[in-house]
Amino acid sequence: MKNIALVSNTSWYVYNLCKGLLKKLVAAGYNLFAIAPRDKFVAVIEAIGCTFIESKHINNKGKNPVEDIVLTLELRKTLIANHIQSCLF
């Protein structure tokens with residue numbers, strides 16, 4: 001079974017704009033991971049069948065290249081640790 005991650009700057013976005021896609025991928029047998037900052041939509045994302053991974057370094061207003069490098073390293077580590085080959089950003 002393939003692992004797919006959806007990375008977003010808010011959990012709200014994952015749920016409200018991608019829930020149809022997530023449901024279809026779960027129904028097709030994919031292991032889904034949602035990587036985003038934690039907010040009140042985490043429970044409904046998990047109820048769809050996704051594994052939620054909290055990202056502490058995603059900043060939706062960020063313009064700092066050092067923070068972007070830290071985020072890139074965090075995402076790389078998360079993807080490798082969970083054997084994720086495909087990502088949607």
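**Figure 1. T78 in helix α3 of the predicted model.** T78 belongs to helix α3, and in this predicted model its relative accessible area of 15% places T78 among the buried residues. When neighbours within four places in sequence are set aside, T78 is in contact with I35 and I53. A27, by contrast, is 51 residues from T78 in sequence and 24 Å from it in space, taken from C-alpha to C-alpha.

**Figure 2. Strand β1 and its pairing with strand β2.** Strand β1 is mostly covered, since five of its five residues are buried. The burial extends to both faces of β1, with N3, A5 and V7 on one side and I4 and L6 on the other. Strands β1 and β2 run parallel and are joined by five bridges, and within this pairing I4 of β1 stands opposite L32 in β2. Between the two strands the chain passes through helix α1, and the resulting β-α-β crossover is right-handed.

**Figure 3. The step from strand β2 to strand β3.** Strand β2, which covers residues 31-36, pairs in the parallel sense with strand β3, residues 51-54, over four bridges. One of the bridge partners can be named on each strand, as A36 is matched by E54 in β3. Helix α2, made of residues 42-48, joins β2 and β3 in a right-handed β-α-β unit.

**Figure 4. Surroundings of N3 in strand β1.** N3 has its place in strand β1, and with a relative accessibility of 11% N3 counts as buried. The side chain of N3 takes part in a polar contact of 2.8 Å with the side chain of N31. The side chain of N3 also reaches the backbone oxygen of H83, at 3.0 Å.

**Figure 5. H83 in the loop between α3 and β4.** H83 is found in the loop that lies between α3 (65-81) and β4 (86-88). The phi angle of H83 is near 55°, a positive value in a residue other than glycine. Is H83 buried or exposed? H83 is exposed, because its relative accessible area is 56%, and exposure is assigned over 50%. The backbone oxygen of H83 is nevertheless reached by the side chain of N3, at 3.0 Å.

**Figure 6. The largest nonpolar core.** In soluble globular proteins, nonpolar side chains tend to be buried together. In this model the largest nonpolar core has 14 residues, and those with the most contacts inside it are V14, L22, L32, A34, I45, C50 and F52. Strand β1 (3-7), helix α1 (11-27), strand β2 and helix α2 each supply at least two residues of this core, and α1 gives the most, with four residues. Apart from this core lies another one, of ten residues, among them A5, I35, L75 and L79.

**Figure 7. C50 and C18.** C50 counts as buried, at 5% relative accessibility, and C50 is one of the residues with the most contacts inside the largest nonpolar core. Residues up to four places away in sequence being left out, C50 touches L22, L32 and I45. C18 likewise counts as buried, at 10% relative accessibility. Why is C50 not bonded to C18? The sulfur of C50 is 9.7 Å from the closest cysteine sulfur, that of C18, which is too far for a bond, because a disulfide requires sulfur atoms within 2.5 Å. With this cut-off the count comes to zero disulfides, and C18 is accordingly in no disulfide.

**Figure 8. K19 in helix α1.** K19 lies in helix α1, and at 30% relative accessibility K19 counts as partly exposed. Its neighbours within four places in sequence being left aside, K19 is in contact with V14 and I48. K19 and I45 are separated by 26 residues in sequence, whereas in space their C-alpha atoms are 7.9 Å apart. V14 and I45 are both among the residues with the most contacts inside the largest nonpolar core.

How values were computed. Residues numbered from 1 in each chain as written. Predicted model: local features only at pLDDT ≥ 70, side-chain atom pairs only at ≥ 80, totals over all residues. Heavy atoms only, no water. Pairing = 2+ DSSP bridges. Right-handed = clockwise from strand over helix to strand, strands pointing away. Buried < 20%, exposed > 50% of the residue type's maximum accessible area, 1.4 Å probe, protein only. Core = buried A, V, L, I, M, F, W, Y, C linked by side-chain atoms within 4.5 Å. Contact = heavy atoms within 4.5 Å. Polar contact = N/O pair within 3.5 Å; in protein donor to acceptor, adjacent residues only side chain to side chain.
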